[in-house]
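Could you walk me through this model in the viewer, one selection after another? I would like to know what to pick next and what I will find there.

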Amino acid sequence: MTDTQFDVVVIGGGSTGTAVARDCAMRGLRTLLLERDDIASATVGTCAGMISSGLKYSDEPDIMAMCSKEVVHFSHIARHIISKNPIIAPLLDLSDAASDSSYVDSYSAHAEERAVPSMLFLTPEASREIEPMLHPDVIASVYYEEFFIDPFRLCMLQALDAIKHGAKIRTYCEVIDFAINHNKELEGVVFYNRVSGCTEKVRTKFVINATGPWAHKVASAAGEKLDIRLNKGAHVILDRRVVNVGVTVKAIDGRWVYLFPHENTTLLGTTALDTWEDPDSLVASFDEIEYLLQSIETVLPSIREARIIRTMEGVRPLVPEWKKPEGMVTRGYQVIDHGANDGTKGLISFTGGKLVMCRHMAETVTDIVCKKLGKTATCTTHERPLPGNEVDIDIVGLSREYGIALHALERMRARRGADMMKVLELTREHPEWKTTVCTCEPVIEAEVRYTIREEYPQTLNDLRRRLRLGTGPCQGTSCTYKAAAILCEELNLGGDDFLVDILDFRAERWKGIRQSLRGEQLAQDELTQGMYACVGNLDQSDVDYDVKPWEEGC
Amino acid sequence: MNLKADLLVIGGGMAGLVAGTVASESGLTTLLLRKGQSATANSSGAIDVIGYVPDVLEPFSSPEEGLLAIVALYPLHPYAIVGYGDDVTSEETSAAIIGRVREAIMWLKEHLGGTIASVTGEFDTNMHLITIIGTTKPTCLAQMTMCPGDLEDREDSVLLFAGITGCSEFNPSAAAKTYIEDRMALDGPPHKVGHCMFQVTPFGKSFNISSIEIARHLDREGSIEALAEQLKVQVKRIGATHVALPPVLGIRNAIANKSKLEKLIGATVFELLGFPPSVPGLRLQQALEGVFIKAGGKMLVGHEAISHVRTKQRVAAVIARGPLREIRVDAKAIILATGKYIGGGIAGDEKGLRETVFDIMTVTDDYHSSRDIVPSRSTNRLSINPTGQPIQACGVGIDSQFRPVREDGLEWAENLFAAGAVLAGYNYSVEKSGLGVALTSGYSAAKNAIDFLREVKQVE
């Protein structure tokens, strides 16, 4: 057997693709994952990271039950990247409460297994004690608890775990063709390596198409028609945790929107609009930003005083149900076995699904592949921990021992759990690597170097996804050049590559900053321009910079 | 509390301090209000006049060449406005502009002489200084400590980039790679560069060391000798003729430190252009404050102008809020030098931009009102590009006397002048013109204010 033959090739390095690769590898299949960009670089990278109990889908009880079960699994296998998300839904008039109260019972039915209280009603006083910014006219609120998972780390840890079990993960490899024999059986996959510029081919009889909003495009490369409903959603991101707990409210059109304190920032989301645009060039619109701000303003009147640092826009790959508003479309997922419908044998695609279901989706599809391959191995992805989940870490003791700020260690622990010891180990020989590179998050140099060595980033943006580097209030203004220099050293890049990495990173940050540019962020932009254009003279640089999809046109 | 002054300057960066000094030296009682740290203190500390015009990729070889292009292409640029006046005919405009900028540059060089930010360079040429990321940029004046001497002139020069362990603000290996690739493309010396790390441990720290801490440490007796011991070995190792350091040579003693270090290691030492927090920016700020105080000016730090009292055509007084009190300053003339977004002179939300002290109409770079613009729509898709972000060229529009104007084009008040980044019509990041415009407009606004007060006095 060579490196060019696999039992299964997974396309897509999002939450589903990495979960499938992990499950396949753990069941002993020779597995290859091909990702066009980087792990978690598209849909999952633009979500809020909530692993929802399915509260919004109370008319789909099976899905609610499955969501709840999956939350329990995650809290066993990935507790280091999970945090509690307490939420209040303030009510301004009685109609808010009366309209649909079935969700209270269906939520509470599964509360016990997730170790959260049943849904509670709070008095106005109790509501304002929890969240003093609430509108004075609030008559009551509903309190419940959900969970967050770090979506970037989830994908990364699933990928690393897959590698540990023998899978190969190739980023920056875009599938362009399939080898299909005259019996309509899949024989191989052809992909373009975007780093080397070469086209490569591997042999396989099974391909799992986990490419989210690109699923229909990938399927069409095999001559298959795949129906999908694409629906875009925007988030507005504030510079710090401006609320104590999550706040949800009904928007002008009756949809629920939310404001969640999240990592070191606050997320305001989301919109839901059907879209036919290219997901690569989509950005949040003025209307989407206003829709979100005006909605949350009804219960948090001072929200516009907060500093907006950026926006992000993602695309949901929904199950193709027509003549229904987005909120009525099933949140379940479909597994399309193209061969079973007289199409290409061996090609299986996903539509629909949610972040919280990614492990479940992987289990379903891996069961199918195993059955076809005659393998009997059963799924263990819900039992075996993801890397770093093994033991508890005493960051207070470590802070004393290593002389590193507690906050920095707390953030590191939230990214990699017990594996943070490997990062700290590096500082024994290099105490200078305790230096903070990104001060907003914060991230120390040892973790940057460890990540470059162990988590295969190719660019500064890849480092951001692995470390949350450059995601805080300054949006990388003060760490872009520092981190680029370390990347340049570790990967032995040339001077031009160093500058290109800086420009790439600024381009990606600007994509999100630009749409909501206002307030204090104008000063931040003046500083960024002052550093990279005025002093660094990079606006005049003649390096080979590739214009990004969202930068094309005028 | 009430205070009185002939001239009130609002803002304490380059524009405000230059304006205040010029006014004080002419005999006016001058009071300057400063809210917080200025953008000048965060600058690289080199004084750019003009390096490029937007969209053109070739740098100007001299400020004069650049100014001629500005006059031809951007008649509403603050540099162009210094050439307009009642007594200047249109043929003379270019000569008047060049003359005024040259005069301001000479004035600054002379005033910074002997200070901790003493500068070198000539109005007749742009030099190309190396930055901490290894790129180069055109600038007119550099602090003495930033001068690379004959680095790019002698064939046998060898440059050593030296960084400090535990200080993330400068990575010498990345800078060395960028710079040597640039020199190889231009086929000019130095043909050899190297890089090394050395240790400075202010307060015994071995990590998270900032450039400001290092500079303070190097101000202390004996620290340069310790540094020289380490650098000497590295200089010898690669045969370096020049050593590039991040901008950390000291705050008070940087110039003396440079010559001491050069003597001890036998190579030319210079500071690279750096990012904030900036030691040379801080030196420039402190030196300018010293010059202003020496000229007799008075400075109130931590005071923010919040409102004003108006009588018909003039601003009679400005109310400022300090940490403990509100004060009223009655002034005969006022210079608004509050900066742009960093300085706080201009602010914006999703509805538009506003000037923060007097609520004067803001305009775009082509003098259309920017009161109602959505900031994101005055931007370019590309983050870092030679056209720049148009939003960064917004500010207040001015008449030929540097007085902010209303919608009808007439002055907002007879006795209110403006200077520096609060002005519209230029984008300093792409032009490389920030401190040069601040200097020239501060200088010109003060001259105009002085003339105005003289006329008022004659009338009265």
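Start with chain B and select strand E1 (residues 2-10) together with strand E14 (residues 326-336): the two run parallel and are joined by 8 bridges. Keep in mind as you look that this is a predicted model. To find the register, show B:Leu3, whose bridge partner in E14(B) is B:Val329. Further along, B:Val9 sits opposite B:Ile335 of E14(B).

Stay with B:Ile335 for a moment. Its bridge partner in E19(B) is B:Phe417. Select strand E19 (residues 416-418) of chain B in full, and you have a strand that runs parallel to E14(B), with 3 bridges between them.

Now add strand E13 (residues 314-321) of chain B. This one runs antiparallel to E14(B), and 5 bridges hold the pairing. One pair to display is B:Ala320 with B:Ile327, which stand opposite each other. Follow the backbone from E13(B) to E14(B) and you trace a hairpin, with 4 residues between the strands.

Return to E1(B) and select strand E2 (residues 30-34) of chain B. The two strands are parallel, with 4 bridges, and B:Leu7 faces B:Thr30 of E2(B). Add helix H1 (residues 14-25) of chain B to complete the picture: E1(B), H1(B) and E2(B) form a right-handed β-α-β unit.

Next, colour chain B by domain. Domain 1 covers 2-114 + 285-339 + 417-459, and domain 2 covers 132-273. The centres of domain 1 and domain 2 of chain B, taken over C-alpha atoms, are 33 Å apart. Where they meet, domain 1 of chain B contributes 14 residues and domain 2 of chain B contributes 10 residues. On the domain 1 side of that contact in chain B, you can count 7 nonpolar, 4 polar and 3 charged residues.

Move over to chain A and do the same. Here there is domain 1 (5-43 + 152-228 + 331-373), domain 2 (83-146 + 230-315) and domain 3 (395-551). Between the centres of domain 1 and domain 2 of chain A, taken over C-alpha atoms, the distance is 33 Å. In this contact, 4 residues of domain 1 of chain A meet 4 residues of domain 2 of chain A. The domain 1 side of chain A has 3 nonpolar, 1 polar and no charged residues there.

For a sheet in chain A, select the strands E8-E3-E2-E12-E20-E19, given here in their order across an open sheet of 6 strands with mixed pairing. At the edges you will find strand E8 (168-170) and strand E19 (333-337) of chain A, each pairing on one side only. From one strand to the next, the twist averages 15°. Zoom in on E19(A) and strand E20 (residues 347-352) of chain A, an antiparallel pair with 5 bridges. Here A:Tyr333 is opposite A:Gly352 of E20(A). Then show helix H9 (residues 358-373) of chain A, which packs on the sheet and touches strand E2 (8-11), strand E12 (207-209), E19 and E20 of chain A. The direction of H9(A) makes about 20° with that of E19(A).

Next stop: helix H11 (residues 406-416) of chain A. Its buried residues include A:Ala408, A:Leu409, A:Met412 and the arginines A:Arg411, A:Arg413, A:Arg415 and A:Arg416. Just past the end of H11(A), look at A:Gly417, which has a positive phi of about 50°.

Finish where the two chains meet. The contact takes 47 residues from chain A and 48 residues from chain B. On the chain A side, strand E21 (436-438), helix H15 (480-490), H16 and helix H17 (520-535) each supply at least two residues. The largest share on that side, 12 residues, comes from H17(A). By class, the chain A side splits into 21 nonpolar, 13 polar and 13 charged residues.

For a last close-up, select A:Ala507 in helix H16 (residues 495-515) of chain A. Is A:Ala507 buried or exposed? A:Ala507 counts as buried because it has 21 C-beta neighbours inside 10 Å. Beyond its neighbours within four places in sequence, A:Ala507 contacts A:Lys548, A:Glu551 and, across in the other chain, B:Ser383. A:Glu551 is 44 residues away along the chain, yet its C-alpha atom is 8.3 Å from that of A:Ala507.

Definitions and conventions: Residues numbered from 1 in each chain as written. Chains lettered and ligands numbered in written order. Predicted model: local features only at pLDDT ≥ 70, side-chain atom pairs only at ≥ 80, totals over all residues. Pairing = 2+ DSSP bridges. Axes fitted to C-alpha atoms, helices over the stretch in contact; angles between N-to-C directions. Contact = placed C-beta atoms within 7 Å. Buried ≥ 20, exposed ≤ 12 C-beta atoms within 10 Å, placed from the backbone. Nonpolar A, V, L, I, M, F, W, Y, C, P; charged D, E, K, R; others polar. Domains from an automatic or database assignment. Right-handed = clockwise from strand over helix to strand, strands pointing away.
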